[in-house]
Amino acid sequence: MIRLRTKAEIEKIRRAGRVVVDVLQDLQRMIAPGITTRELDRYAEAKIRSYGAIPTFKGYRGFPASICTSINEEVVHGIPSERKLREGDIISIDCGATLDGYVGDAAITVIVGDVPEEIKRLVADTQEALYRAIERARVGNRLYDISYAVQEYAEARGYGVVRDYCGHGVGTEMHEDPQVPNYGKPGTGPKLRPGLVLAIEPMLNLGTYKVEVARDGWTVVTADRKPAAHCERTIAVTEDGPVILTAMNGDAERFTT
Ligand code: MG
Ligand code: MG
């Protein structure tokens, strides 16, 4: 069942989202060769709790950490560990915070040092696919218009669009209806109405769209082990257009109304 949120509820999701943004922006600055993903996780958990918020991921279906750290061929759900980041890695960091009963959810992919041009392009294009999807999150459109925006942009550039994992509604739970796939038929799916809050999260692979789950039972990796990028924002559909509730890194100018 799709729940529409009141303006007051959307404001609460935005407050939770601000916690997530603060954490991700700090982590973005901390990322450098030599830091371990566990250090990033410890920092994130402490920072989330300093706001009186709860790390939404920790304990979610048994997930052991407060952020997901997915490096190179890892797409999503990587578990923080003693692994050190190295020059030439890319890392997706996904973070969720629950504040006053409402959830914010966002992810960024960060380049560590320098990487080949095609990987830079993968990261930038994943972010652009996300913006194009958000742009379609308007009253009068349908859900899979959002999905198709990702697919159209990504496939035209030769990327594999992950099908086994997708975005989702977000509110008092991290994963609510509807599911928001990164592929779909335009003009189909539920009508978008004011108060719909979604986490939109393209996952684009340099090679095949196919993925596998690693032996740890969590980490999703590309089947061909080529790199993947992942970006996510929590957004609200409003009468005035899409509003990003986890705006960062220059998002705000594009979508706040
Ligand atoms: Mg997320
Ligand atoms: Mg999500």
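Where is the place of aspartate 26? Hi everyone, let's start right there. Aspartate 26 sits in helix H1, which covers residues 7-30. Before we go further, please keep in mind that this is a predicted model.

So, is aspartate 26 buried or exposed? Aspartate 26 is buried, because its relative accessible area is 11% and buried means under 20%. Now look at its side chain. A polar contact of 2.5 Å ties the side chain of aspartate 26 to that of arginine 29. The side chain of lysine 47 also makes a polar contact with the side chain of aspartate 26, at 2.8 Å. If we set aside neighbours within four places in sequence, aspartate 26 is in contact with Tyr43 and Lys47.

Now let's turn to the metals, starting with the magnesium ion that is ligand 1. Which residues coordinate the magnesium ion (ligand 1)? They are Asp94, which appears twice through OD atoms, Asp105 through OD, and Glu232 through OE, at 2.0 to 2.6 Å. If you want to find these residues in the sequence, look for the spacing D-x10-D-x126-E. This site brings together distant parts of the chain: aspartate 94 belongs to strand S4 (residues 90-99), while glutamate 232 is in the loop between strand S13 (228-230) and strand S14 (233-238), and the two are 138 residues apart. Both aspartate 94 and glutamate 232 are buried.

On to the magnesium ion that is ligand 2. Its protein donors are Asp105 (OD), His168 (NE2), Glu201 (OE) and Glu232 (OE), and they lie 2.1 to 2.2 Å from the ion. Along the chain, these donors follow the spacing D-x62-H-x32-E-x30-E. Here too, distant parts of the chain are linked: histidine 168 is in strand S7 (residues 167-169), and glutamate 201 is in the loop between strand S9 (197-200) and strand S10 (203-205), 33 residues away.

Are histidine 168 and glutamate 201 buried or exposed? Histidine 168 is buried, with a relative accessible area of 4%. Glutamate 201 is buried as well, with a relative accessible area of 6%.

One last thing to find on your screen: what bridges the magnesium ion (ligand 1) and the magnesium ion (ligand 2)? Aspartate 105 does, and the two ions lie 3.1 Å apart.

To recap, we met aspartate 26 in helix H1, and then aspartate 105, which bridges the two magnesium ions. Thanks for listening, everyone!

Terms used:
Residues are numbered from 1 along each chain as its sequence is written. Chains are lettered from A and ligands numbered from 1 in the order in which they are written. This is a predicted model: local features need pLDDT of at least 70, side-chain atom pairs count only at pLDDT 80 or more; totals for chains, interfaces and linings use all residues. Side-chain values use heavy atoms; hydrogens and water are left out. Donors are N, O and S atoms within 2.8 Å of the metal (3.2 Å for Na, K and Ca); water is not among the atoms, so sites may look incomplete. Helices (H or I, at least four residues) and strands (E, at least two) are DSSP runs, numbered from the N terminus. Buried means under 20% relative accessible area, exposed over 50%, partly exposed in between (1.4 Å probe, protein chains only). A polar contact is a pair of N or O atoms within 3.5 Å; within protein, one must be able to donate a hydrogen and the other to accept it, and residues adjacent in sequence count only if both atoms are side-chain atoms. Contact means heavy atoms within 4.5 Å.
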